[in-house]
Amino acid sequence: MPSSLPRPVAGLPIRRLTPDDLVACADLCEDRGWPRDEHRWRLLLTAGIGYGVDDPEGKGLMASCVVTTYGSRLTAIGMLLVAERYARQGVARQLMNHVIAACADVPVSLYATAAGQPLYEQLGFSAVGRSQRVTGFFRPTDESPDGVHVRPATAEDLHAMVRLDSDVFGADRTHLLARLPAYADHIRVARTEGELIGYAAAWPSEQTHVVGPLIARDTATARALVSSLAEATDRPLRADIDARHTGLLEWFEKCGLRLGSTTTVMTLGASDLPGDWTRRHAPLTVATG
Ligand SMILES: CC(C)(COP(=O)(O)OP(=O)(O)OC[C@H]1O[C@@H](n2cnc3c(N)ncnc32)[C@H](O)[C@@H]1OP(=O)(O)O)[C@@H](O)C(=O)NCCC(=O)NCCS
């Protein structure tokens, strides 16, 4: 990715964010009513590239954005935030223009909130899907997990996880998955006849555990993975499920989770996401695509 920093955003330079900016990034999230998620920021700023604009009044950051690259297949943009006090002054537009230019010709994807979507449309992004958030305490249902063998992941599973993930995600995510054991509190794998058919992780965000990635051969396997993760935590669960997985969403509701906000999956430079959506149930985080 070419680095042409600094360039002006509302007359101010865009700079690279580093792990030293974690608190300022978390403050920006809080300003917009998002979880502070310093833990997630650490992952994003080490596995990806963060861009930020300093507040000229010395109050931390005016804006942020994170870019995660997957070779020449895909670049994901996330965590586009502009402090409320600088809203509607063109800051997000200029930051996005800068980041898109840095992505060269690589297809770009993102999960758009209702506030972000009009800007992305103006920048040429197209809606290609929808993600449905579910949250709440998980109550196991009577239904059995259909005989799929699920257990905690071990170091020996990592190679098979990366191979399966690469096939399903459509691009190599070794740089993220290598960090998953430190990032997630719980990781589960699903196997049948010795073959890995799915895996899932639960990572902490404020008082919840977020389920993601959730990669599974079918809905039954996804359910078995989520049930196993839920057994490991007393916290409410949260997940952003591809809205096409209607059976899984119905099951989440039966298990006590509520449907929350939706985000629109958008791409630029590609007509769809790569990979196999039928086995891709939830992203690691919406910020990494
Ligand atoms: C979305 C967000 C980043 C926009 O930042 P911003 O600097 O205010 O946006 P800009 O001033 O560059 O606006 C560009 C265009 O986007 C659209 N837009 C911006 N904010 C909008 C909002 N809240 N609702 C609807 N459209 C909006 C408008 O078309 C706007 O152009 P206009 O002001 O000339 O009409 C900011 O509102 C924010 O941080 N929101 C909370 C976090 C979030 O949802 N981020 C997006 C993640 S996908």
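Me: By class, how many nonpolar, polar and charged residues does the shell around the ligand have?

Reply: In this predicted model, the shell around the ligand comprises 10 nonpolar, four polar and three charged residues.

Me: Which residues around the ligand come nearest?

Reply: A residue counts as near the ligand if its C-beta atom lies within 6 Å of it. Here 17 residues surround the ligand, and Ala-92, Arg-93, Thr-113, Gly-116 and Leu-119 come nearest. Two or more residues of the shell are supplied by each of strand 5 (74-82), helix 3 (91-102) and helix 4 (117-122).

Me: Into which domains is the protein chain divided?

Reply: The division gives domain 1, residues 8-106, and domain 2, residues 133-284. Taken over C-alpha atoms, the centres of domain 1 and domain 2 are separated by 26 Å.

Me: How many residues of domain 1 are in contact with domain 2?

Reply: Contact between two residues requires C-beta atoms within 7 Å. By that criterion, 12 residues of domain 1 are in contact with 14 residues of domain 2. On the side of domain 1 that touches domain 2, helix 2 (residues 38-47) contributes the largest share, four residues. The residues of that side of domain 1 comprise six nonpolar, two polar and four charged.

Me: Which residues have the most contacts inside the largest nonpolar core?

Reply: A nonpolar core joins buried residues through C-beta atoms within 7 Å. The largest nonpolar core here has 88 residues, and Leu-95, Val-211, Leu-214 and Leu-225 have the most contacts inside it. Domain 1 (8-106) and domain 2 (133-284) each provide at least three residues of this core.

Methods: Residues are numbered from 1 along each chain as its sequence is written. This is a predicted model: local features need pLDDT of at least 70, side-chain atom pairs count only at pLDDT 80 or more; totals for chains, interfaces and linings use all residues. A residue is buried if 20 or more other C-beta atoms lie within 10 Å of its own, exposed if 12 or fewer, and partly exposed in between; C-beta atoms are placed from the backbone. Domain bounds come from an automatic or database domain assignment. Ala, Val, Leu, Ile, Met, Phe, Trp, Tyr, Cys and Pro count as nonpolar, Asp, Glu, Lys and Arg as charged, and the others, Gly among them, as polar.
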